[in-house]
Every structure is written in structure tokens, then in C-alpha cells.
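Subject: Structure handover

Hello,

I am passing on the structure below. My notes on it follow, and you can check them against the coordinates.

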Amino acid sequence: MKIEFRTEPLSQLSSPALAAYCFEDAPSGSGTVERLPAEVRSQLHQLQSSGEHTGKAFEFTILRWPAGLAAAKILLVGAGKREKFNPSLLRQLAGAAVRNLRARGGKQLAWILGNDDPGALAAIVEGALLADYDPDRYRTERNGEKGFDNFWLATGGEAVPAEAEAALARGRILGEAQNFTRDLVNEPSNQMTPTQLAERATEMAARFGLECEVLGPEEIQRLKMGAFWAVARGSQQTPARLIVIRYTPAGAPEQPVIGLIGKGITFDSGGISIKPSENMHEMKTDMAGGATMLGAMQAIAQLKPRVKVICLVPATENMPGGNAYKPGDVITSMSGKTIEILNTDAEGRLVLADSLTYAQQLGCTVLIDAATLTGAVMIALGNITTGVFGWNKDWVNRILAAANAAGERMWQLPVDEDYRELYKSSIADIANTGGRYGGAITAAMFIGEFAGDTPWVHLDIAGTRWANEEKPYRAKGPTGHGVRTLVELLTKFVPES
Ligand code: BES
Ligand code: MN
Ligand code: ZN
């Protein structure tokens with residue numbers, strides 16, 4: 001999709017469609033409809049006063065051959081109550097306009113700008129890109145093929161200031177990064193093997209000028225990553241990979257070095273503690289944490305914040321092969337801590353444990369992990385909100401603030417010494433499960449045991465990784481949730497001008 005500014009007067013802008021929004025509660029309508037010429041404005045007001053268009057959010061009405069305009073039609077978009085209007089809604093409205101037109105075979109839309117600040121502008125662009133995504137890659141007659149050609153930002157005759165161009169670029173970078181994450185998550189596990197995930201990461205890194213290194217089974221064992229290896233050894237087909245990507249901008253301070261660690265289980269069968277077959281196919285998405293981190297890396301490689309970042313993605317299947325680890329086994333993690341395996345389906349925390357140890361060895365001074373870690377977090381928060389965990393108040397708060405600014409729902413759940421006894425082991429240092437009660441908390445705390453004194457924040461995205469329902473502004477399927485928050489957090493480290 002091409003995204004560009006159009007600076008001709010609105011009346012002269014020739015496009016198959018122009019989108020304008022109006023609010024619900026304003027008496028004679030208001031919103032970008034007010035920027036249209038008087039004649040067409042009164043037509044739109046008629047639609048509103050007759051109740052044909054109420055202005056409720058995501059309500060769409062089409063007005064054909066509007067008087068005095070070069071455009072073939074106007075897509076009138078309901079923007080809801082004015083006092084509830086914000087950049088997040090704007091992102092969704094722009095996206096919904098794209099999907100609404102696409103469903104009727106449209107491929108071009110000019111979105112009339114209001115008094116949008118750079119943040120709002122970026123959100124519009126991002127929304128259009130996110131909306132144009134469809135997960136039906138392998139269908140021979142694809143919706144995705146119906147992709148949009150042009151999304152124009154119509155200034156209505158005004159020139160485009162440099163900061164608006166920069167906002168467009170930022171919106172594009174963010175939208176593309178999330179779609180990259182969604183693509184990775186969407187792939188079935190016979191395609192998205194650990195090898196393939198590493199290849200996609202390598203490609204991305206090369207394209208955006210990041211340093212990338214991929215470790216294989218020999219190196220993983222040589223590094224004594226006993227916990228990661230325990231999970232990996234049950235899979236025959238596809239050798240495990242540890243993906244390491246470095247972003248080292250010139251002139252960045254020595255510290256902090258942010259570690260972004262993403263769970264990369266390309267298929268989670270549960271292992272010997274095998275999962276029930278119902279919904280097991282969803283476990284192709286168990287590398288969403290890794291995909292989130294790779295998406296965030298793609299964005300920051302282009303946005304260039306002044307901070308060092310190292311991304312680690314331990315990638316493997318969790319399979320019940322003849323060589324698989326078994327319940328009751330005791331393994332030694334890279335940190336030296338011994339772990340009793342009570343359930344081989346609690347594999348995410350194991351691959352993350354060793355990755356956290358390695359991240360500290362590589363010099364990370366802050367650890368942020370994202371993982372589809374527990375069913376329990378979905379019981380607690382549904383699939384709307386990501387669970388946030390960590391001992392370090394400062395970094396937890398930074399994440400929560402970034403999520404809030406980025407318009408992603410995240411919510412802190414507690415970690416507390418009192419939960420520790422739930423994952424005690426009678427034979428080893430700790431056990432890999434803490435039972436059903438507080439399952440998201442004990443899983444998070446298990447990972448935290450491997451962070452040492454390094455500030456650490458854990459994001460449990462088991463619920464938010466995937467949308468079970470379509471929305472007006474996005475397809476059902478992979479969401480890319482988390483990318484925006486991490487990029488928001490990291491771009492707070494402002495580049496030196
Ligand atoms: N990958 C799953 C968690 C999950 C469940 C993600 C549903 C997305 C949707 C994880 O590896 C797992 O199996 N967790 C177990 C832990 C239990 C064995 C302690 C769970 O949540 O049931
Ligand atoms: Mn599992
Ligand atoms: Zn898993």
C-alpha cells in the first residue's frame with residue numbers, strides 16, 4: 001500500500017473515495033466533514049438530522065457523486081462521542097475505513113485530515129496498514145490479494161510540514177513492524193520451524209542493518225543451556241536455534257543495555273505431558289513472544305533511538321519424541337540452578353530461564369521478556385489485556401506508561417515472596433510448575449528467578465497474541481500486540497540531534 005500526502009484542495013482531489021468523520025453528539029455534526037465544501041456539507045448534515053447516519057463509532061454511510069467534488073464518493077465515518085475521541089480511536093477509524101472499502105472492492109482512499117498532531121497522523125497511517133492485513137496466506141483465492149493500493153492523507157490545500165512527513169514515516173514503520181510480527185505468528189509450524197524463524201530474523205536484520213547471530217544445538221549445549229536443551233531435545237525434525245540480534249547505535253551510552261527476550265516455541269504439543277487435542281493447533285502461535293521482539297527490533301532499527309538493545313529468541317518445538325525430557329527429570333540450567341520437571345508443558349519458562357542467564361552474560365542491564373506463557377493469564381485478563389509482572393517498580397511503571405501511550409491494554413499482576421513456596425521442589429532447587437492457582441504469577445516468578453538482581457519485566461501475551469473475532473479495523477488472527485508498547489518505551493531514548 002502506498003501512503004502519501006495529497007495537498008490539492010479537497011474539491012479538486014480526484015479519488016474513488018474520500019473519507020470524512022463526524023461525531024455522534026454534535027448537533028449539526030462536526031469532525032472532518034466540516035472541511036468539505038458547503039454544498040456537500042449540507043447533504044451530510046441531512047443524513048445526520050434524518051437519523052440515517054447517527055455518528056456512532058464505526059458506522060459507515062456512502063454518499064455517491066457528492067456535489068462539487070472531484071471524488072466519486074464520500075465514505076462518512078461515525079467517530080462516536082467527541083469527548084471519547086483519541087488517537088487510538090482514530091487509528092481504528094482509519095483502519096475501519098480501509099476495511100470497509102476493501103470489502104466493496106475499493107483500492108484507494110483519501111482520508112481527510114483534521115488538526116492532527118504528529119501522534120494522531122502516525123496513528124492514522126498505522127491504522128490503515130494494520131487494517132490492510134489479512135491472515136489467509138494459504139487460501140488460493142485470498143482476501144489478502146484484495147489489498148489496498150493507495151491511502152492518501154488529504155491536507156485540503158495545505159502544505160506538508162517536515163514533522164508531518166516524519167509522522168507518516170513513523171506510522172509506516174510501526175504498522176509494518178506489527179504486520180511482520182503477525183506474519184510470523186500466523187505461519188503454521190510446518191512452515192515456521194525454528195530454522196525458518198531464524199532465517200526470517202536474519203533477513204530482517206540484514207535488511208535493516210542489525211547485527212544477527214544464530215546459535216544451533218551444538219552451541220546451545222556447549223553453553224550448558226540445560227533448560228533450553230531439555231525442551232529442544234524432544235523434537236526431531238527441526239534443530240533448535242537461539243537467535244541473537246544486536247542494535248548498537250553510534251553514540252549510545254554504555255548503559256542501559258536493554259535485553260528483549262521472546263519465547264520462540266514454534267509448536268507446543270505439551271511434550272510428554274501432552275495437551276488435549278482440542279485447540280492444539282493454536283500452539284503454532286507459541287512463538288508470538290519471539291515474533292513481538294523481532295517486530296520491535298525491526299521498528300527501532302529504523303527509528304534509531306539512542307539506546308543499546310539485544311534481542312534473544314530461543315526457538316524450538318516442544319515435542320514428545322523418543323528423546324524428550326520427562327516429568328520427574330531434574331535438569332541443570334545454565335545458571336547452575338537445578339529444576340525438577342513436574343510438567344513438560346511448562347516449557348516456555350525453561351527456554352526463557354537460560355535465555356535470561358545468557359542475556360546477562362552478553363551485558364544486558366535490563367531484561368524484558370514477552371511470552372505466550374500461561375493459560376492462566378487468559379483466565380485472569382481475557383484476550384484484551386497483557387499481564388505485566390516484575391519486582392522492579394521503575395521498569396514495570398515504564399512499561400505500563402508506554403502501553404498507555406501506545407494504546408495497548410496492559411495490567412500489572414503481583415509477584416510476591418509468598419508465592420515462592422508454590423514452586424518448591426523436594427529434590428531440586430525449584431520445580432517448573434506451581435499448580436493451577438496463581439498460575440500466571442508462579443510462571444512469571446519462575447522466570448524472574450533467573451534475572452538475578454537485574455531489573456526484569458515479564459509480559460504474558462498468551463491472551464493478546466491472537467484475536468478470535470474480526471473487528472471493523474482488523475482481521476481476526478494474529479495481533480502484533482506488544483510491539484507498539486516496546487517501541488514506545490525504547491524511542492523514549494531520544495536520538496541526539
Ligand atoms: N504455551 C502455553 C500457554 C498458552 C496457552 C498460550 C493457551 C496460549 C494459549 C504454555 O506453554 C503452557 O502450556 N502453559 C501451561 C502451564 C502449566 C502446565 C503449568 C498452562 O498454562 O496450562
Ligand atoms: Mn506449554
Ligand atoms: Zn508454550
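The model is predicted. The notes cover a metal site and a pair of helices.

Metal site

D345 is partly exposed, since its relative accessible area is 22% and the partly exposed class runs from 20% to 50%. E347, in contrast, has a relative accessibility of 0% and therefore counts as buried. Both residues serve the manganese ion (ligand 2): D345 through O and OD, and E347 through OE. D268 adds its OD to the coordination, and the distances run from 2.0 to 2.2 Å. Along the chain, the spacing of these donors reads D-x76-D-x1-E.

The geometry around the manganese ion (ligand 2) is irregular, because its six donor atoms subtend angles of 70 to 167°. For six donors to count as octahedral, opposite ones must be over 155 degrees apart and all others between 65 and 115.

D268 has a second role at this site: it bridges the manganese ion (ligand 2) and the zinc ion (ligand 3). The two ions lie 3.1 Å apart.

Helix pair

Helix 5 spans residues 194–207 and helix 8 spans residues 288–303. Their axes come within 10 Å of each other and cross at roughly 10°. Helix 5 is therefore roughly parallel to helix 8, as angles under 35 degrees fall in that class.

On the helix 5 side, the contact is made by L197, A201 and M204; on the helix 8 side, they meet L294, M297 and Q298. Five residues of this contact are nonpolar and one is polar, with no charged residue.

Regards

Note on methods
Residues numbered from 1 in each chain as written. Chains lettered and ligands numbered in written order. Predicted model: local features only at pLDDT ≥ 70, side-chain atom pairs only at ≥ 80, totals over all residues. Heavy atoms only, no water. Donors = N, O, S within 2.8 Å, 3.2 Å for Na, K, Ca; no water. Tetrahedral: all angles 85-135°; square planar, octahedral: opposite > 155°, others 65-115°. Buried < 20%, exposed > 50% of the residue type's maximum accessible area, 1.4 Å probe, protein only. Axes fitted to C-alpha atoms, helices over the stretch in contact; angles between N-to-C directions. Helix = DSSP H or I, 4+ residues; strand = E, 2+ residues; numbered from the N terminus. Parallel < 35°, antiparallel > 145°, perpendicular 65-115°, else oblique. Contact = heavy atoms within 4.5 Å. Nonpolar A, V, L, I, M, F, W, Y, C, P; charged D, E, K, R; others polar.
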